[in-house]
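The exercises below ask the reader to work through a single chain, starting from local contacts and ending with the chain as a whole. Each task is followed by a solution that goes step by step.

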Amino acid sequence: RSRIQSTGRTAYTVSVGKLSSSPSKLTNFAEIDAFVLIACGESVAKFWRMEREEMIVPVLTPLELDVALGYREWDGRYSCDFGDLIRWDEEDGVFVEDGYG
């Protein structure tokens, strides 16, 4: 949330049930340019297989958001585990002033 806001964008927190039951749920938010899916790795994998193609608005993982906002260069590593992002920053010596909150 703070990373999005630090780029001058507005961040909203939205909680929805299974997107597979109705991908159109997210179309009710016309002012939102993209969504970030925070879920366990298994849920993200199911989402990619079942629903991502049906979404009208892009749905990103936290890693994709970091790359899109310029917080991280694409280096070939990929993970749906949010903890990996924190570990990679520590391993790479990246100082994150505002964290991931």
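**Exercise 1. Find which residues Ala11 is in contact with, leaving aside its neighbours within four places in sequence.**

Solution. Taking contact to mean heavy atoms within 4.5 Å, and leaving aside neighbours within four places in sequence, one finds that Ala11 is in contact with Arg1, Ile4 and Gln5. Next, consider the backbone: Ala11 and Arg1 are ten residues apart in sequence, and their C-alpha atoms are 5.9 Å apart in space. The place of Ala11 is in the loop between α1 and β1, where helices (H or I, at least four residues) and strands (E, at least two) are DSSP runs numbered from the N terminus. Finally, Ala11 has a relative accessible area of 8% and is buried; buried means under 20% relative accessible area, exposed over 50%, and partly exposed in between (1.4 Å probe, protein chains only).

The model is predicted, so local features need pLDDT of at least 70 and side-chain atom pairs count only at pLDDT 80 or more, while totals for chains, interfaces and linings use all residues. Residues are numbered from 1 along each chain as its sequence is written, and side-chain values use heavy atoms, with hydrogens and water left out.

**Exercise 2. Work out which residues are linked in a network of salt bridges.**

Solution. Side chains of opposite charge can pair when their charged atoms come close. The rule applied here asks for a side-chain nitrogen of Lys or Arg within 4 Å of a carboxyl oxygen of Asp or Glu, and by this rule the count comes to two salt bridges. In one of them, the side chains of Asp66 and Arg3 meet with an N to O distance of 2.9 Å. This pair links distant parts of the chain, since Asp66 is in helix α3 and Arg3 is in helix α1, 63 residues apart. The other joins Arg72 to Asp66, with the closest N and O atoms 3.2 Å apart. Arg3, Asp66 and Arg72 are thus linked in a network.

The burial of the partners can then be read off: Asp66 is buried at 3% relative accessibility, Arg3 is buried with a relative accessible area of 5%, and Arg72 is buried as well. Arg3 has a further partner, as this residue lies over the face of Tyr71, at 4.3 Å from the ring centre; the criterion is NZ of Lys or CZ of Arg within 6 Å of the ring centre and within 35 degrees of the ring normal.

**Exercise 3. Determine how Phe29 and Phe35 are arranged as an aromatic pair.**

Solution. A pair of aromatic rings is described by the distance of the centres and the angle of the planes. Rings of Phe, Tyr and Trp (its six-membered ring) pair if their centres lie within 6.5 Å, and planes under 30 degrees apart count as stacked, over 60 as edge-to-face and the rest as tilted. A search of the whole structure finds one aromatic pair. Phe29 and Phe35 form this pair, with 6.3 Å centre to centre and 75° between the planes, and the arrangement is edge-to-face. As to accessibility, Phe29 is partly exposed with a relative accessible area of 26%, whereas Phe35 is buried with a relative accessible area of 10%.

**Exercise 4. Identify which residues Val36 and Ala34 touch, not counting residues up to four places away in sequence.**

Solution. Begin with Val36, in strand β1, which touches Leu60, Thr61, Pro62 and Leu65. The C-alpha atoms of Val36 and Val59 are separated by 5.6 Å, although the two residues are 23 residues apart along the chain. Turn then to Ala34, in the loop between α1 and β1, which touches Val57, Pro58 and Leu60. Here the C-alpha atoms of Ala34 and Val59, 25 residues apart along the chain, are separated by 5.8 Å. Val36 counts as partly exposed at 29% relative accessibility, and Ala34 is partly exposed with a relative accessible area of 37%.

**Exercise 5. Establish what the buried residues of α4 pack against, and how the elements of the chain run.**

Solution. In helix α4 (residues 82–91), Gly83, Asp84, Leu85, Trp88 and Asp89 are buried. The buried residues of α4 pack against α1 and α3 (62–69). After α4 comes Gly93, whose phi is positive, near 70°. For the chain, there are four helices and two strands, running α-β-α-β-α-α from the N terminus on, and 30% of its 101 residues count as buried.
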